[in-house]
Amino acid sequence: MLGHYRVLLQALLTKPAQPISMLPLLAEQERQELVYGWNNTAHELPEAAFHHIFERHAKQTPEAVAAVCGLEQVTYRELNAQANQLAFYLRESGAGPETVVALLMDRGIDFLICMLAVFKAGGAYLPMDPKHPVQRQMQLLEQSRTTHVIGSVDKVRELEALTQAQSEALRPVFFHIEERRKLATQDSDPVSTTTAANAAYVIYTSGSTGIPKGAMIEQLGMLNHLCAKVKDLGLQASDVIAQTASQCFDISVWQFLAPLVTGARTSIFPDSVVADPKELFDNVIAQQVTILEIVPSLLRAALEEIESARMPVPRFSTLRWLLLTGEALPPELVRRWLQHYPDIPIMNAYGPTECSDDVAHYAIRAKNSLDSVHTPIGTPIVNTQLYILDQQMAPVPVGIPGELYVGGTGVGRGYLHDALRTAQVFVPNVFSLRAGARLYRTGDLVRRLPGGEIVYLHRTDHQIKMRGFRIELGEIEAALERHPDVLQAAVVMHEDENQSKRLVAYVATRDELTDSALRDALQQQLPDYMVPSVFVTLRVLPLTANGKLDRKALPAPPRAEHVVIAPRNLIEAKIAEIWEQVLAISSVGVNEDFFQIGGH
């Protein structure tokens, strides 16, 4: 601090007319270390596109198993041949570089085939969740200007009907995946026209203005992240990677594709397995998984089951790494895992969708290596630079909080068809000599440790992460305010004494509205995970002296009031007892809705 003060005083003497906020604090040697030394992450990447690397493995090890989902499995040869069939069809129907192809189907081998087919055709895939409201699906199709939709008949039927009203020029081409086997067999791979600068995929994230944002990632950024996972996890052909994430999450990309870069295997776990700790761990053991990635809240639930003896202690004989991502990782959770499994290290992974997923890794191999209240997110991955800057975009000293900016190969192109919001967070890279280089503003407040590792502190805005889901509270508020009887709305994330998180909506209304009416309105527009579990109606929302919403003055959410109908038999009594214990409430009646009384 004394050194920084000396630099400041010297700058005051030489530039007395400058505002203090514009004057430097860092000596040149410290600045060089912060900006360049700790960001020296250059690493050679393969010259080939991702699908060319996969095609080489399909030729070298054609009978090796590439993917497994339940009782279904596919070899590298079969996967390549089936992707080729669909790729030639896409080419013939007009798909090519920069074409957006929506995939509307459940996770599985068919989904992986479609991803590869889109790459081979030269396009970019847009994952869509069949469980999301059809109104939201239509919104994404229109915003992305999708030219092709591939999906199972039952998933796309309603969308097809809705798009019939559009002009033929705007209407996307629909292809039912059930028809794939009728396509002509192809003996060769399509000749690729894809370049490193072409779009690889578009993933929509929650938007603070009420409109989702389509983050565009290019082929080179995607490949860079895959190579970082291969390098830092030491992936080999013998590995089995669990594919656990929703296809609409950025982490699904590496889970699907990194195994195919090394000749390894991806094991696709359905949602019903991923949501149940015992089922998940049983399947990890049965499938001989070596790499597993989950969110911290799921690990917490699993450890509570193990430590309360409600679940037998799993015996992992093949697991090499546990990756945790999507939420801040409490050090006590890491210690608890390593207490049970000292030989299975944890990797804390951090990164925004806009930057090809993870931009930092932090490996933890011993439970006594954490002595702070925050688990570090680590250091930058290959070909990535991380800068901690103040409001003038100047580097801050070690230990001082600042906003995290990301530079390098993984920084995406921006938001699809949204130049304004792109310009707000993708800014010129003042530290790069490469023309056109940009930095991505994460909106995360962080600080650097003396060893160079970065620690996440909190958001600088109202974006939250809850159970791995990235949510802009403003998007929920905007959806509520579209209701004709809602005057104003505010949404917050409430955390109770058991560290259980839930969304609470506060609304001021013209007429009296029931919780169910508000919930129904939101379920027509938003995914389930964005629908608040509690609604609080107020006459007016509290304001600050400046007339802005005073979130700190919002009252604590009340417990649900209800008429209790007592359990009528042994099973109902047992279920009520479990709910009372899990939700920390009393007097659960038989007509209760688990989610409306605080469950998730």
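**Group meeting: cysteines, rings and one aspartate**

Phenylalanine 431 is buried, with a relative accessible area of 8%. I'm starting there since it leads into the aromatic rings. Just so everybody knows, what you're looking at is a predicted model.

So, rings. How many aromatic pairs does a search of the whole structure find? The count comes to 17. One of them puts phenylalanine 431 together with tyrosine 387, and that pair is stacked, at 4.5 Å centre to centre and 20° between the planes. What I like here is where the two partners come from. Tyrosine 387 is in strand 16, residues 384–389, while phenylalanine 431 sits in the loop between strand 19 and strand 20. That's 44 residues apart, and the pair links distant parts of the chain. Tyrosine 387 counts as buried too, at 4% relative accessibility.

Elsewhere, ring pairs tie Phe50, Phe111, Phe119, Tyr125, Tyr201 and Phe256 into a cluster. And if you find tryptophan 254, look over the face of its ring: lysine 229 lies there, 5.3 Å from the ring centre.

Back to that loop between strand 19, which is 426–428, and strand 20, because alanine 435 lies in it as well. Is alanine 435 buried or exposed? Exposed, with a relative accessible area of 72%. Its C-alpha is 63 Å from the C-alpha of valine 588, with the two positions 153 residues apart along the chain.

Now step into strand 20 itself, residues 438–448, and you get to aspartate 444. Here's a charged-type side chain that I'd like you to click on. Aspartate 444 is buried, at 7% relative accessible area. Which side chain does aspartate 444 join in a polar contact? That's tyrosine 350, at 2.5 Å. Leaving out residues up to four places away in sequence, aspartate 444 touches Tyr350, Gly402, Glu403, Leu404, Tyr456, His458 and Arg459.

Last topic, the cysteines. Searching the whole structure for disulfides gives zero. Why does cysteine 227 have no bond to its closest cysteine sulfur? Because that sulfur, in cysteine 355, is 17 Å away, which is too far for a bond. Going the other way, the closest cysteine sulfur to cysteine 355 is the one in cysteine 227, again at 17 Å and too far. Both places are inside: cysteine 227 is buried at 12% relative accessible area, and cysteine 355 is buried at 2%.

That's my tour, thanks.

How values were computed. Residues are numbered from 1 along each chain as its sequence is written. This is a predicted model: local features need pLDDT of at least 70, side-chain atom pairs count only at pLDDT 80 or more; totals for chains, interfaces and linings use all residues. Side-chain values use heavy atoms; hydrogens and water are left out. A disulfide is a pair of cysteine sulfur atoms within 2.5 Å. Buried means under 20% relative accessible area, exposed over 50%, partly exposed in between (1.4 Å probe, protein chains only). Helices (H or I, at least four residues) and strands (E, at least two) are DSSP runs, numbered from the N terminus. A polar contact is a pair of N or O atoms within 3.5 Å; within protein, one must be able to donate a hydrogen and the other to accept it, and residues adjacent in sequence count only if both atoms are side-chain atoms. Contact means heavy atoms within 4.5 Å. Rings of Phe, Tyr and Trp (its six-membered ring) pair if their centres lie within 6.5 Å; planes under 30 degrees apart count as stacked, over 60 as edge-to-face and the rest as tilted. A charge sits over a ring if NZ of Lys or CZ of Arg is within 6 Å of the ring centre and within 35 degrees of the ring normal.
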